[in-house]
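These are my notes from a session spent looking up charged pairs, one helix and a few whole-chain values.

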Amino acid sequence: APGSMSGSGPEAAQPGEAAEAGLQEAEQDWAAAKAFYDNLVSKRPRPPKPQHAITVAVSSRALFDLVEERRIYEEQGVEKYVEYQQENENVTLKPGPAFHFVKALEHVNARLLELYPDDEERFDIVLMTNNHAQVGVRLINSINHYGLTIERFCMTGGKSPIGYLTAYLTNLYLSADSEKVQEAIEAGIASATMFTANKDVAYSDTQLRVAFDGDAVLFSDESEQIVKEQGLDRFFEHEQLNENKPLAQGPLKGFLEDLGKLQKKFYAKNERLNCPIRTFLVTARSAASSGARVLKTLRSWGLEIDEALFLAGAPKGPILVKIRPHIFFDDQMFHIEGAQKLGTIAAHVPYGVAQKYHKSA
């Protein structure tokens with residue numbers, strides 16, 4: 001009969017009570033574990049909780065130069081690749097395209113910790129890679145060699161790491177793999193493919209400098225569609241007619257917003273003139289014909305941009321040489337290639353109508 005199994009006497013706990021007791025026990029375990037780790041004393045700043053942090057996920061090929069290792073993987077297979085990495089795990093990897101950007105993020109963190117020692121609203125860099133765990137020792141050794149603070153690793157052993165980006169509450173994902181970046185963009189995560197500059201240039205050690213294209217990067221590709229399909233004159237007419245209608249947001253708007261929040265933390269401490277973050281809009285738009293809508297859109301979002309450069313179709317590369325950003329985001333490959341040639345580290349955002357035209361070219 002139901003209820004006749006052992007343990008069903010009058011003193012046995014009912015199923016609901018047992019579940020509640022189990023839940024209470026689990027909560028006590030969590031509380032005990034948290035108390036243990038909270039009481040550990042360390043001079044190293046702990047990673048912020050993901051819900052408070054601005055999480056930047058970087059692939060191993062974006063952070064380090066793994067060109068030779070990639071060649072071994074493609075020509076000789078995964079086993080030889082892993083074997084090579086293990087044999088060379090004490091050989092420090094050279095910096096990759098995202099390296100200087102990550103160093104600049106960490107400088108901002110150091111300044112934030114000076115001003116707000118108990119605040120967790122800062123950058124958290126996560127190494128997000130489909131590398132195998134056996135390669136982890138070389139990555140750890142290289143990270144420690146350069147004094148980087150990267151505590152969180154996600155190594156997926158040949159599987160795509162994209163599914164983990166949401167779980168890590170990722171604000172920005174940088175990779176050398178364009179297919180993974182495309183997958184992340186389609187999942188609604190701000191992402192870009194990193195490209196190494198063709199020349200070595202000096203980067204600021206005291207200020208994070210980030211340059212953004214406008215359409216299909218900070219903004220939607222609505223206006224770019226008109227340029228491609230109806231021409232430049234129709235585009236100018238459309239922008240002037242819609243000057244007071246904010247553009248829809250693009251994939252990198254959220255990251256500019258994150259940078260703006262951190263800038264305001266410095267401004268609140270009277271550090272505006274010594275702020276370690278500077279943002280740039282570098283757009284092919286003409287200021288007179290189509291610039292007002294861009295600036296009014298930023299204003300409607302409550303966002304500031306430190307410098308706005310309207311180039312009216314002129315090449316972006318020479319301007320970027322003067323800015324020397326740690327990273328420049330653009331949706332069009334010919335701007336990426338022009339920036340690369342003159343020494344700018346560029347990141348391609350595969351979003352919007354330009355991708356359709358690029359693929360068909």
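I began with the salt bridges of this predicted model, and the count came to 21. The rule I applied asks for a side-chain nitrogen of Lys or Arg within 4 Å of a carboxyl oxygen of Asp or Glu.

I looked up Lys49 and Glu120, whose side chains meet in a salt bridge with an N to O distance of 3.9 Å. This pair links distant parts of the chain, since Lys49 sits in the loop between α1 (15-38) and β1 (54-58), while Glu120 belongs to the loop between α5 (99-115) and β2 (123-129), 71 residues apart from its partner. I noted a relative accessibility of 39% for Lys49, which therefore counts as partly exposed.

Next I turned to Lys180 and Asp177, which form a salt bridge whose closest N and O atoms are 2.8 Å apart. Are these two residues buried or exposed? I found that Lys180 is buried and that Asp177 is buried as well.

I then checked Glu237 and Arg234, a salt bridge with 3.9 Å between the closest N and O atoms. Because these two residues are 3 apart in helix α10, about one helical turn separates Glu237 from Arg234. Glu237 is partly exposed at 44% relative accessible area, and Arg234 is partly exposed at 31%. I also recorded one network, in which salt bridges that share partners join Asp215, Glu222, Glu239, Arg285 and Arg293.

Having met α10 in this way, I examined the helix itself, which covers residues 232-241 and has Phe235, His238 and Glu239 buried. Seen down the axis of α10, these buried residues fall within an arc of 95°, so they line one face of the helix. The face turned away from that buried side carries the exposed residues Asp233 and Leu241. What do the buried residues of α10 pack against? I found α9 (222-230) and α12 (287-300) as their packing partners.

Finally I noted the values for the whole chain, which contains 15 helices and 10 strands. Its C-alpha trace spans about 85 × 50 × 50 Å along the principal axes. Of the 361 residues, 45% are buried, and the chain exposes about 18,600 Å², of which carbon and sulfur atoms supply 51%. Among contacts with a separation of 6 or more, 75% are between residues 24 or more positions apart. I listed 39 positive and 49 negative side chains, with the centres of the two sets 7 Å apart.

Methods: Residues are numbered from 1 along each chain as its sequence is written. This is a predicted model: local features need pLDDT of at least 70, side-chain atom pairs count only at pLDDT 80 or more; totals for chains, interfaces and linings use all residues. Side-chain values use heavy atoms; hydrogens and water are left out. Helices (H or I, at least four residues) and strands (E, at least two) are DSSP runs, numbered from the N terminus. Buried means under 20% relative accessible area, exposed over 50%, partly exposed in between (1.4 Å probe, protein chains only). Contact means heavy atoms within 4.5 Å. Accessible areas come from the Shrake-Rupley method with a 1.4 Å probe; for residues, only the protein chains shown count as cover. Lys and Arg count as positive and Asp and Glu as negative; His and the chain ends are not counted. The place of a charge is taken as NZ of Lys, CZ of Arg, CG of Asp or CD of Glu. The arc is that of the directions from the helix axis to the C-beta atoms.
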